[in-house]
Amino acid sequence: MEVQNNLEKPLNIFIKRTIDYLGAIIFLIILAIPMLIIAILIKLESKGPVIFSQERVGKSGRKFKCYKFRTMYEDAEERLKKLLAEDESARKEWEAYYKLKNDPRVTKIGKFLRKTSLDELLQLFNVLKGEMSLIGPRPVTEEELKIYYKDYARYYLNVLPGITGLWQVSGRSEITYEMRVFLDVWYVRNWSLWLDIVLSLIHISEPTRLGMI
């Protein structure tokens, strides 16, 4: 059942933001050494910067730089364009999920980081900057909002995007983008503190996802 947008209430916004800020600080303190090790491994495997940032759309349409540990080779975009032009099945997979299971752009350490979500640890800094939340819809590009969210974009724009959320614990790349949009809308319209707690516990319990809450 759908109810009113609970995240429009000032008290709920304050509670969620307070938890985000305190949680981000605690996680950064605990994970400081693992993050340093990850940075060293990335640098040893392939040339390029350790940190990757890409513009995403945040709350109220504000653009921000979303941080991640680099998981791809420097010529990633060229590799993607070539693959999509030559492989029809890969192109269909990309159009349906906006992701590829066997992505030739991803480095060896990058595959591990993505599988465990450790590449997203740097987004804790986005949380501290007030650009993201610990839990919420995954940050998207302006193009994704236009192509996939369409009239539902207003729900996404009502909240801060999150490091993890309902989509991730519901199957992530195993579900279509249309279902991802549905889950994002449902989350925004049915938010509660208990829902965030449940999503956090589910994320922690997944054995293949070591990185985040």
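Begin by selecting D119, a residue that counts as buried at 3% relative accessibility. The model on screen is predicted.

**D119 and K68**

Add K68 to the selection. D119 forms a salt bridge with K68, and the closest N and O atoms are 4.0 Å apart. D119 sits in the loop between α5 (108-116) and α6 (123-128), while K68 belongs to strand β2 (residues 63-69), so this pair ties together parts that are 51 residues apart in sequence. Colour by accessibility and the partners separate: D119 is buried, at 3%, whereas K68 counts as partly exposed, at 24%. The count for the structure comes to six salt bridges.

**E120 and R138**

Select E120 and R138. What joins their side chains? A salt bridge does, at 3.7 Å from N to O. R138 is in the loop between β3 (133-135) and α7 (142-149), and E120 is in the loop between α5 and α6, so the contact ties together parts that are 18 residues apart in sequence. Are the two residues buried or exposed? R138 is buried, with a relative accessible area of 6%, and E120 is buried as well, at 2%.

**E88 and K92**

Go next to helix α4 (residues 88-97), where K92 and E88 both lie. They are four residues apart, about one turn of the helix. Show their side chains: K92 and E88 meet in a salt bridge, at 3.5 Å from N to O. K92 is exposed, with a relative accessible area of 51%. The cut-off for exposed is over 50%, so E88, at 46% relative accessibility, counts as partly exposed.

**The tyrosine cluster**

Leave the charged pairs and display the aromatic rings. How many aromatic pairs does a search of the whole structure find? The search finds four. One of them is Y149 with Y156, a tilted pair whose ring centres are 5.6 Å apart, with 55° between the planes. Y149 counts as buried at 1% relative accessibility, and Y156 is buried too, with a relative accessible area of 2%. Extend the selection to Y148 and Y177: ring pairs link these two with Y149 and Y156 into a cluster.

**W167 and R180**

For the last stop, select W167 and R180. Turn the view until the ring of W167 can be seen side-on. R180 lies over the face of W167, at 4.1 Å from the ring centre.

Technical notes
Residues numbered from 1 in each chain as written. Predicted model: local features only at pLDDT ≥ 70, side-chain atom pairs only at ≥ 80, totals over all residues. Heavy atoms only, no water. Helix = DSSP H or I, 4+ residues; strand = E, 2+ residues; numbered from the N terminus. Buried < 20%, exposed > 50% of the residue type's maximum accessible area, 1.4 Å probe, protein only. Phe/Tyr/Trp six-rings, centres within 6.5 Å; stacked < 30°, edge-to-face > 60°. Lys NZ or Arg CZ within 6 Å of the ring centre and 35° of its normal.
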